[in-house]
Every structure is written in C-alpha cells, then in structure tokens.
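Me: I've got a fold open on my screen and I'd like to go through the labels people put on it. Can you tell me what each one rests on?

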Amino acid sequence: TTQARQQSEYFQRNMEKLGIKIRINNNTWPELSDKVHRNKHQIYAMAWSADYPDAENFLGLLYCPNKNPGSNGANYCDASFDQKFKQATLMQHSQERTSLYE
C-alpha cells in the first residue's frame with residue numbers, strides 16, 4: 001500500500017541519517033508471514049493492536065517461549081525479562097504487577 005511504502009521510505013531515510021544503508025524489500029502478506037516464521041528476515045514491520053487493555057498484550061510479543069512459530073517473530077530472548085513477565089502474568093492487577101511490567 002501507499003502507506004506501507006511511505007513508512008518504509010521514512011525508515012530508510014532515517015537510517016541513512018545514522019549512516020546505515022538499507023534496502024527495502026516489499027512483500028505480500030503471505031510472503032512476509034512466511035519469512036518471519038522461517039526466520040528469513042532482518043527487520044520487519046507488522047501491525048499489532050491491543051485486543052484488551054493490558055501490558056501483557058504487547059509484552060507477550062517479546063516473551064522468549066512465544067518465539068517462532070509463535071507471536072515473538074523477532075525471537076527476542078532475555079532471561080530477566082522472561083522471569084519478570086511470567087511472574088507478572090500470574091499476578092492480579094496491582095501496582096506491584098504494573099511495576100514489573102514497567
């Protein structure tokens with residue numbers, strides 16, 4: 001789409017300002033989804049919107065056990081984050097839980 005192209009070009013221009021030259025490779029949704037699930041990507045963008053108002057909705061995207069083929073398509077793994085995230089998901093809504101998420 002035009003919006004996706006404009007966002008890609010904006011990202012490319014900003015990376016160039018940092019001295020990083022990148023090549024934009026536009027994909028169809030099935031192509032992108034396949035590349036992410038097969039770990040054949042370097043940087044990518046996908047939309048995510050909250051289906052419920054809780055930090056867990058977004059932070060779960062970074063939880064290592066959710067890595068490919070799950071929702072953590074970036075395959076981010078950090079033991080400290082995982083421990084805090086898991087602890088927070090078992091808690092009732094509270095300031096302590098919010099502090100863990102923060």
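**What the labels rest on**

Reply: Sure. Both Phe81 and Phe85 are buried, where buried means under 20% relative accessible area, exposed over 50% and partly exposed in between (1.4 Å probe, protein chains only). Bear in mind that this is a predicted model, in which local features need pLDDT of at least 70 and side-chain atom pairs count only at pLDDT 80 or more, while totals for chains, interfaces and linings use all residues. Residues are numbered from 1 along each chain as its sequence is written, and side-chain values use heavy atoms, with hydrogens and water left out.

Me: What makes Phe81 and Phe85 a stacked pair?

Reply: Rings of Phe, Tyr and Trp (its six-membered ring) pair if their centres lie within 6.5 Å; planes under 30 degrees apart count as stacked, over 60 as edge-to-face and the rest as tilted. Phe81 and Phe85 sit 5.8 Å apart centre to centre with 15° between the planes, so they count as stacked. Both belong to helix α4 (residues 79–89), 4 residues apart, about one turn of the helix. Helices here are DSSP runs (H or I, at least four residues), numbered from the N terminus, and strands are E runs of at least two.

Me: And what do you call the pair of Tyr76 and Phe81?

Reply: A search of the whole structure turns up 4 aromatic pairs. Among them, Tyr76 and Phe81 are 6.2 Å apart centre to centre with 80° between the planes, which makes the pair edge-to-face. Tyr76 itself has 36% relative accessibility, so it counts as partly exposed. Ring pairs link Tyr63, Tyr76, Phe81, Phe85 and Tyr101 into a cluster.

Me: What makes up the largest nonpolar core?

Reply: A nonpolar core is a set of buried Ala, Val, Leu, Ile, Met, Phe, Trp, Tyr and Cys residues joined through side-chain atoms within 4.5 Å. The largest one has 6 residues: Leu59, Tyr63, Phe81, Phe85, Ala88 and Tyr101. Its largest share, 3 residues, comes from α4. Leu59 touches Phe81, Phe85 and Tyr101, leaving aside residues up to four places away in sequence; a contact is heavy atoms within 4.5 Å.

Me: How do you know that Cys64 and Cys77 form a disulfide?

Reply: The cut-off is a pair of cysteine sulfur atoms within 2.5 Å. Cys64 and Cys77 are 2.0 Å apart, S to S, so they qualify. The search of the whole structure finds 1 disulfide. Torsion about the S-S bond of Cys64 and Cys77 is about 65°, so the disulfide is right-handed.

Me: Are the two cysteines, Cys64 and Cys77, buried or partly exposed?

Reply: Cys64 is at 15% relative accessibility, so it counts as buried. Cys77 has a relative accessible area of 41%, so it is partly exposed.

Me: Why are the buried residues of α2 said to line one face of the helix?

Reply: In α2 (residues 29–37), Leu32, Ser33 and Val36 are buried. Seen down the axis, the buried residues of α2 fall within an arc of 100°, so they line one face. That arc is taken over the directions from the helix axis to the C-beta atoms.

Me: What makes the backbone at Asn39 and Pro69 worth flagging?

Reply: Most residues other than glycine have a negative phi, and most peptide bonds are trans. Asn39 has a positive phi, near 60°, and sits in the loop between α2 and α3. A cis peptide bond joins Asn68 and Pro69, with omega about 10°.
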